[in-house]
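I sat down with this model today and kept notes as I went. Here they are, in the order I looked things up.

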Amino acid sequence: MRILFIGDIVGRPGRQAVAKILPCWLDRYAPDIVLANGENAAGGSGITPAIADDLLSLGIAGFTMGNHVWDKKEAYPMFDADPRIVRPANYSPLAPGKGLTYFQVLDKQLAVINMAGRMFMEPADCPFRTFDALYKEIETPFIFVDFHAEATAEKITFATYLDGRASAVVGTHTHVQTADERILPKGTAYISDVGMCGVFHSSIGIDLDISLKRMLTGLPIRLEVAKRGSLVACAVLIDLDRTTGRALSIQRLQHRMDETESSQ
Ligand SMILES: [Fe+2]
Ligand SMILES: [Fe+2]
């Protein structure tokens, strides 16, 4: 089973980057399923049903989210109703949505989990024990986990805890692709961060001038998605054994594209 997972899609430039590169990736790599992190898809904060539909029409089968999951209120009903989108499983069970869902891939069920880290992040339930509880109810060996976290130390430690149980644990949220992809000793594919899709010369997708002004002044200046410049699209390609669900390979993908004049 071949999974293509696209890192955080940041605003309109991120969506444009995906629209440009995804047909080439589908052609070249022929994944059995495409998933993406959608937490920044709408203006850099959250996702909307219309934007989810646009991305689904490109060939993405479903979305994981992250700490920006609640930024667009119009998406809340979708988190409850649509089985193709998950939000961190260790957020409150009283909030909209779910942290585990399933996709039919070939003749198998693929479980997809979204989990949030706790180091330098908003408070969340324990990701380790939350995974243990979910794992008890999962019957398929094909388990994909998006661990949305800030600290690489927490990411590799969490992935090691899941090694041999999850097929893949991939990091998102820091938006910079890390060069540490590997198969862990018991067969779980891992990378600390998949990277993002958006304007390359930016502050993780955010306009650098605005980000700089905010940091220099300490004022609560509203951050805006970077609108101009060359685009980058980041993803990972993961192959799983079709019987055991263990990872056979993980490959980083990063593609840069020409200047855009998009508006957010
Ligand atoms: Fe993000
Ligand atoms: Fe995030």
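I began with the metals: the iron ion (ligand 1) and the iron ion (ligand 2) lie 3.4 Å apart, and Glu39 coordinates both. This is a predicted model, where local features need pLDDT of at least 70 and side-chain atom pairs count only at pLDDT 80 or more, while totals for chains, interfaces and linings use all residues; side-chain values use heavy atoms, with hydrogens and water left out. Residues are numbered from 1 along each chain as its sequence is written, and chains are lettered from A and ligands numbered from 1 in the order in which they are written.

**The iron sites**

Which residues hold the iron ion (ligand 1)? I found Asp8 (OD), Glu39 (OE), Asn40 (OD1) and His175 (NE2) as its protein donors, 2.0 to 2.2 Å from the ion. A donor here is an N, O or S atom within 2.8 Å of the metal (3.2 Å for Na, K and Ca); water is not among the atoms, so sites may look incomplete. Along the sequence I read the spacing of these donor residues as D-x30-E-N-x134-H.

For the iron ion (ligand 2) I noted Glu39 (OE), Asn67 (OD1), His148 (NE2) and His173 (ND1), at 2.1 to 2.2 Å. The angles among the 4 donor atoms of the iron ion (ligand 2) run from 88 to 148 degrees, and its site is irregular. The site of the iron ion (ligand 1) is irregular too, with angles of 91 to 164 degrees among its 4 donor atoms. For the record, four donors count as tetrahedral if all angles lie between 85 and 135 degrees; four count as square planar and six as octahedral if opposite donors are over 155 degrees apart and all others between 65 and 115; anything else is irregular.

I then checked burial, meaning under 20% relative accessible area (exposed is over 50%, partly exposed in between; 1.4 Å probe, protein chains only). Glu39 and Asn40 are both buried, and His148 is buried as well.

**Strand E1 and its partners**

Next I turned to strand E1 (residues 2–6); helices (H or I, at least four residues) and strands (E, at least two) are DSSP runs, numbered from the N terminus. Why is E1 largely enclosed by the rest of the structure? I see that 4 of its 5 residues are buried, so that follows.

Strands pair if DSSP finds at least two bridges between them. E1 runs antiparallel to strand E11 (residues 229–240), with 5 bridges joining them, and Phe5 stands opposite Val236 there. With E2, the pairing of E1 is parallel over 4 bridges, and Leu4 faces Val34 as its opposite residue.

**The nonpolar core**

I looked up the largest nonpolar core and got 38 residues, with Ile6, Trp25, Ile47, Ile60 and Phe63 making the most contacts inside it. Such a core is a set of buried Ala, Val, Leu, Ile, Met, Phe, Trp, Tyr and Cys residues joined through side-chain atoms within 4.5 Å.

Contact means heavy atoms within 4.5 Å. Leaving aside neighbours within four places in sequence, I listed the contacts of Ile6, including Val18, Leu22, Ile60 and Cys234.

**A last stop at Thr48**

Is Thr48 buried or exposed? Thr48 has 12% relative accessibility, so I count it as buried. I located Thr48 in the loop between E2 and H2. Not counting residues up to four places away in sequence, Thr48 touches Ala42, Lys72, Glu74 and Met78.
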